[in-house]
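I opened this entry to keep track of what I looked up, item by item. The sequence and the model come before the notes.

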Protein chains: 2
Amino acid sequence: MKDFRHQNRLYYSPVEFAMNYIGGTWKMPILVALREGPVRYGDLKKSISHITDKMLITQLRDLEEKNMVTRKAYAEKPPRVDYALTERAKQALSVIDALHAYGAFLMKEEEITL
Amino acid sequence: MKDFRHQNRLYYSPVEFAMNYIGGTWKMPILVALREGPVRYGDLKKSISHITDKMLITQLRDLEEKNMVTRKAYAEKPPRVDYALTERAKQALSVIDALHAYGAFLMKEEEITL
DNA sequence: CGGGATCCATGTCGATACTG
DNA sequence: CAGTATCGACATGGATCCCG
């Protein structure tokens, strides 16, 4: 596999490229939380345990820039903002599910109980 | 999903747990390089572009400790050591393939040509 | 949501033991 | 010396966190 660059960053493989879109501690939890449809900021925060506002905002901005989520602001009396997955992000869900299943498999092997 | 800990580290999800076994810059490239069977250290180094000895050894040790690879040393004149995948690591290959495919899909969307 | 601290993954450079 | 496999000290940059 030849190297390539995108937006001035060097990648060694498609896997590394993919991880730029869904990797890191928070991107996958966010994408999963949006799986069933648009969710407002506050609910997103509640549904992802341990995430700080800083991280949630930072990652949402990053995902937006990468066209993985869309942000919609409604002109209502109490302002409302929600986030939704784009098509390309929806296609990541099966990959995330596979990772989740593999993680569960490893946990079983390591005899981790919840 | 409840949190859990393993060897004194805290995890928030099975995905995060899985990434501990196959994540980082080098683990997947290493696992893929071992896909067809045992490979010796030197060949591994040659087949993974840009990897340094330091990173290769560090990751191999880590993968060994996690029971993802086995190390076999032969008592020969020029020392020979080879590494092979364990069963649990072989089961990661399909996940890695899925990530690879998703990365390729994103690259196509971003119009990246090699 | 910013500033600043910090942690951790990664990288650089150099050195090791062994043997033909 | 050349080839193989490996390791340690240290630097650095990015990711993440705490605080206000």
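**Sheet and the helix across it**

I began with one bridge: Tyr74(A) has Arg80(A) in E5(A) as its bridge partner. I note that the model is a predicted one. I then looked up the two strands: E4(A) and strand E5 (residues 80-85) of chain A are joined by six bridges in the antiparallel sense. I followed the pairing outward and found an open sheet of three strands in chain A, antiparallel, in the order E3-E5-E4. Strand E3 (39-40) and strand E4 (69-74) of chain A are the edge strands, each pairing on one side only. I also checked what lies across E4 and E5 of chain A, and found helix H4 (residues 53-65) of chain A, running at about 110 degrees to E4(A).

**Record**

I looked up the annotation: UniProt, in an unreviewed entry, places "domain: HTH hxlR-type" at residues 13-111 of chain A. Over residues 13-111 I read 58% helix and 14% strand for chain A, with the end C-alpha atoms 33 Å apart.

**Two copies**

I superposed the copies: a turn of 180 degrees and a shift of 0.1 Å along the axis lay chain A on chain B with an RMSD of 0.3 Å. I therefore record the relation as that of a two-fold axis. Val95(A) has the C-alpha nearest the axis in chain A, at 3.7 Å. The same surface serves both copies, as 100% of the contact residues of chain A recur in chain B.

**Salt bridges**

How many salt bridges are there over all chains? I get a count of 22.

I looked at several of them. Lys90(A) bridges to Glu87(A), with the closest N and O atoms 3.5 Å apart. Both residues, Lys90(A) and Glu87(A), lie in helix H5 (residues 87-90) of chain A, three residues apart, about one turn of the helix. Lys90(A) is partly exposed at 43% relative accessible area, whereas Glu87(A) counts as exposed at 52%.

In chain B, I found Asp97(B) and Arg35(B) in a salt bridge at 2.8 Å, N to O. This pair links distant parts of the chain, 62 residues apart: Asp97(B) is in helix H6 (residues 93-109) and Arg35(B) in the loop between helix H2 (27-33) and strand E3 (39-40) of chain B. Asp97(B) is partly exposed at 35%, and Arg35(B) is partly exposed at 33%.

I also noted Asp53(B) with Lys45(B), a salt bridge of 3.5 Å, N to O. Last, I found Lys27(A), Asp62(A) and Lys66(A) linked in a salt-bridge network.

Notes. Residues are numbered from 1 along each chain as its sequence is written. Chains are lettered from A and ligands numbered from 1 in the order in which they are written. This is a predicted model: local features need pLDDT of at least 70, side-chain atom pairs count only at pLDDT 80 or more; totals for chains, interfaces and linings use all residues. Side-chain values use heavy atoms; hydrogens and water are left out. UniProt positions are given in the numbering used here, feature names are shortened, and annotations may be inferred rather than shown by experiment. Helices (H or I, at least four residues) and strands (E, at least two) are DSSP runs, numbered from the N terminus. Copies are superposed by least squares on the C-alpha atoms of residues with pLDDT of at least 70 in both. Contact means heavy atoms within 4.5 Å. Two strands pair if DSSP finds at least two bridges between them. Axes are lines fitted to C-alpha atoms, for helices over the stretch in contact, and angles run from 0 to 180 degrees between N-to-C directions. A salt bridge is a side-chain nitrogen of Lys or Arg within 4 Å of a carboxyl oxygen of Asp or Glu. Buried means under 20% relative accessible area, exposed over 50%, partly exposed in between (1.4 Å probe, protein chains only).
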